[in-house]
Amino acid sequence: MANNPYASPMVGPNRISMGRFQRNPIFLGLVAALSVGACSLGPDYERPELNLPEQYSVQDSVQDTANEDLSDPNGIAALSWRSFYQDPALLQLIEHALANNLNLQIAQSRLIAARSKITVSDSALWPDVAISAGFERTLDSAATNTSPSPETTLDLQGTVSWEVDLWGANRRTSEATEAMYLSEVESLRLTYVSLISDIANRYYEWLDVEQRYRVSSETVTLRQKELKIAQLRHANGMISGLDVRQAEVELQSAKVTLPTLNYERKFKVNQLYILLGEYDYPLPERQNMLEVKGLPDELSAGVPSQLLSMRPDVKIAEQAMIAANAHVGVAKAAFFPKFVISGMYGRENDHLTDIFDANGVTWSLLGGITAPIFNSGKISAQFDIASETSKQAMLNYRHVVLNAYFDVNDALNNLKRAELASGAQQELVASSKEYARLARLRYQNGVATSLDLMDAQRQLFSAQLAYSEILRDKQLAKVALYRALGGGQI
């Protein structure tokens with residue numbers, strides 16, 4: 001019979017022949033029952049107690065303290081992003097990015113690979129079945145054989161090999177692999193949330209830059225007219241050369257902002273292109289930051305316990321904890337013996353036409369037990385490593401939850417600041433406009449000097465630029481709060 005690598009496998013230092021048990025179906029049934037009903041070593045996963053506060057430290061609403069309830073369990077975290085983001089132009093950009101963003105496609109590929117790893121891991125729970133065919137033709141040496149002649153050996157055989165999972169090591173491995181797959185699911189969701197938030201942030205930043213560029217351009221145009229008027233008045237002897245120089249200074253102070261703002265415009269557009277996965281893309285028409293359709297006015301943060309089920313990073317940390325916990329069971333099972341059974345059934349003959357001849361039957365059934373005796377403390381060290389890794393995963397989970405809680409608090413405080421600042425800045429713009437109007441009237445009637453008029457115009461210009469930035473910060477603060485709460489339903 002030709003050499004067969006499956007015929008006599010050495011499955012351990014103490015190979016045990018099945019002997020009279022090799023045909024006993026009761027024994028084989030017992031082995032199967034032990035495999036199916038065996039316990040899994042190691043601790044079963046339990047989510048640690050976190051003692052989260054019942055509500056966030058920011059007690060009052062960022063919009064309306066009389067009507068807003070931050071303990072509302074159905075807060076903005078439950079909104080889908082299509083309901084939260086209300087600007088049609090922004091929604092169009094988000095849809096395009098979700099279809100073309102390269103980082104998102106990488107995350108999707110990782111998820112597919114993680115799903116295949118589950119199949120690889122679960123395969124250890126079942127026997128490996130293979131079929132093999134062999135051909136061998138040999139000729140003995142004439143120096144040792146008086147009548148050498150070629151000999152042909154053909155074989156066809158099926159083999160089965162199975163490590164009986166008595167201690168649940170393979171099941172714990174499958175548990176860990178599934179946890180890592182679920183972690184990749186949440187990683188993909190985190191990529192979705194991050195991409196949507198980044199698109200919204202870049203969009204509102206772009207609108208802000210466009211608005212400030214528009215204000216600066218209009219101010220330059222206005223001050224060019226003011227300079228011409230000042231030059232005419234100076235030529236007629238109505239004002240001094242100092243007033244003309246002052247008008248020139250005011251014009252140049254407005255013009256000097258344009259190059260920087262123009263660079264920022266292009267930079268924000270390029271950032272959008274990267275997120276959109278395009279080298280060029282027709283962006284929506286530039287809108288007035290003061291008129292753009294924003295985000296919901298009334299926002300509810302819900303309760304802190306929602307973070308455990310809504311934030312992808314918290315769920316990723318928990319799945320890592322589940323996987324690490326399962327690896328403790330795998331490491332513990334290494335202290336115990338491994339039991340492997342293997343079998344082979346096949347046909348062997350010297351002619352292909354006679355391969356299925358009854359006399360050519362060959363088979364074997366073997367079992368082996370491998371038990372650790374001495375390994376210089378390697379198994380104990382591996383168990384300690386797994387235990388400490390599990391402890392680290394638990395501590396990291398608590399740390400992620402702690403960060404998530406204060407992340408929401410910071411977002412609430414930031415939104416409250418932006419709300420208050422936008423109201424105050426809006427009043428400042430209104431007052432500055434009225435101040436500039438009155439200063440112009442007084443200047444035209446000869447009551448006020450050109451310095452008074454230019455000072456009023458300067459304050460209006462600064463107030464308008466600052467108001468655009470405050471409106472941007474208000475929208476970004478809402479996006480940050482929505483993201484901190486988990487980014488909503490995908």
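How many bridges join β4 to strand β5 (residues 361-370), and in which sense do the two strands run? There are 10 bridges, and the two strands run antiparallel. Keep in mind that this is a predicted model. Below is a quick tour of the strands, two of the helices, the nonpolar cores and the salt bridges, with a closer look at a few residues.

**Strands**

- β4 covers residues 338-349, and 10 of its 12 residues are buried, so you'll find this strand mostly covered.
- On one pairing, β4 meets β5 (residues 361-370) through those 10 antiparallel bridges. If you want a spot to look at, Phe-339 has Ile-369 in β5 as its bridge partner.
- β4 also pairs with β3 (residues 151-164), again in the antiparallel sense, over 11 bridges. Here Gln-157 has Gly-346 in β4 as its bridge partner.
- As a general reminder for reading such strands, side chains in a regular strand alternate between the two faces of the sheet.

**Helices α9 and α10**

- Helix α10 takes in residues 378-444, which is 67 residues. From first C-alpha to last it reaches 93 Å, close to the 99 Å expected at 1.5 Å a residue.
- After α10 comes Gly-446, with a positive phi near 80°.
- Helix α9 has 22 residues, which should span 32 Å at 1.5 Å a residue, and its end C-alpha atoms are indeed 32 Å apart.
- Why call α9 largely enclosed by the rest of the structure? Because 16 of its 22 residues are buried.

**Nonpolar cores**

- The largest nonpolar core has 64 residues. The members that touch the most others are Tyr-85, Ile-199, Tyr-204, Val-408 and Leu-481.
- A second, separate core holds 16 residues, including Ala-230, Ala-436, Ala-439 and Leu-453.
- For background, nonpolar side chains tend to be buried together in soluble globular proteins.
- Leaving out residues up to four places away in sequence, Ile-199 touches Leu-90, Leu-93, Ile-94, Ala-97, Leu-272, Leu-275 and Leu-276.

**Two residues up close**

- Leu-275 sits in helix α7. With a relative accessibility of 14%, Leu-275 counts as buried, because the cut-off is under 20%.
- Leu-275 and Ile-199 are 76 residues apart in sequence, yet their C-alpha atoms are 6.8 Å apart in space.
- Once residues up to four places away in sequence are set aside, the contacts of Leu-275 are Ala-97, Asn-101, Leu-195, Asp-198, Ile-199 and Arg-202.
- Thr-177 belongs to helix α5. Its relative accessible area is 17%, so Thr-177 is buried too.
- With residues up to four places away again left out, Thr-177 touches Lys-117, Ile-118 and Ser-121.

**Salt bridges**

- There are 25 salt bridges in the structure.
- Glu-318 and Arg-47 meet through their side chains in one of them, at 2.9 Å from N to O. This pair links distant parts of the chain, 271 residues apart: Glu-318 is in helix α9 (residues 312-333), and Arg-47 is in the loop between α1 (25-37) and α2 (81-84).
- Are the two partners buried or exposed? Glu-318 counts as buried at 8% relative accessibility, whereas Arg-47 counts as partly exposed at 43%.
- Arg-110 and Glu-184 form another salt bridge, with the closest N and O atoms 3.8 Å apart. Arg-110 lies in helix α4 (residues 102-122) and Glu-184 in helix α5 (residues 169-235), so this pair links parts of the chain 74 residues apart.
- Both of these partners count as partly exposed, with relative accessibilities of 40% for Arg-110 and 22% for Glu-184.
- In the salt bridge between Arg-265 and Glu-210, the closest N and O atoms are 3.2 Å apart. Arg-265 is in helix α7 (residues 257-276) and Glu-210 is in helix α5, so the pair ties together parts that are 55 residues apart in sequence.
- Arg-265 and Glu-210 are both buried.
- One network, joined by salt bridges that share partners, takes in Asp-208, Arg-212, Glu-264, Glu-469, Arg-472 and Asp-473.

Definitions and conventions
Residues are numbered from 1 along each chain as its sequence is written. This is a predicted model: local features need pLDDT of at least 70, side-chain atom pairs count only at pLDDT 80 or more; totals for chains, interfaces and linings use all residues. Side-chain values use heavy atoms; hydrogens and water are left out. Buried means under 20% relative accessible area, exposed over 50%, partly exposed in between (1.4 Å probe, protein chains only). Helices (H or I, at least four residues) and strands (E, at least two) are DSSP runs, numbered from the N terminus. Two strands pair if DSSP finds at least two bridges between them. The expected span of a helix is 1.5 Å times one less than its number of residues. A nonpolar core is a set of buried Ala, Val, Leu, Ile, Met, Phe, Trp, Tyr and Cys residues joined through side-chain atoms within 4.5 Å. Contact means heavy atoms within 4.5 Å. A salt bridge is a side-chain nitrogen of Lys or Arg within 4 Å of a carboxyl oxygen of Asp or Glu.
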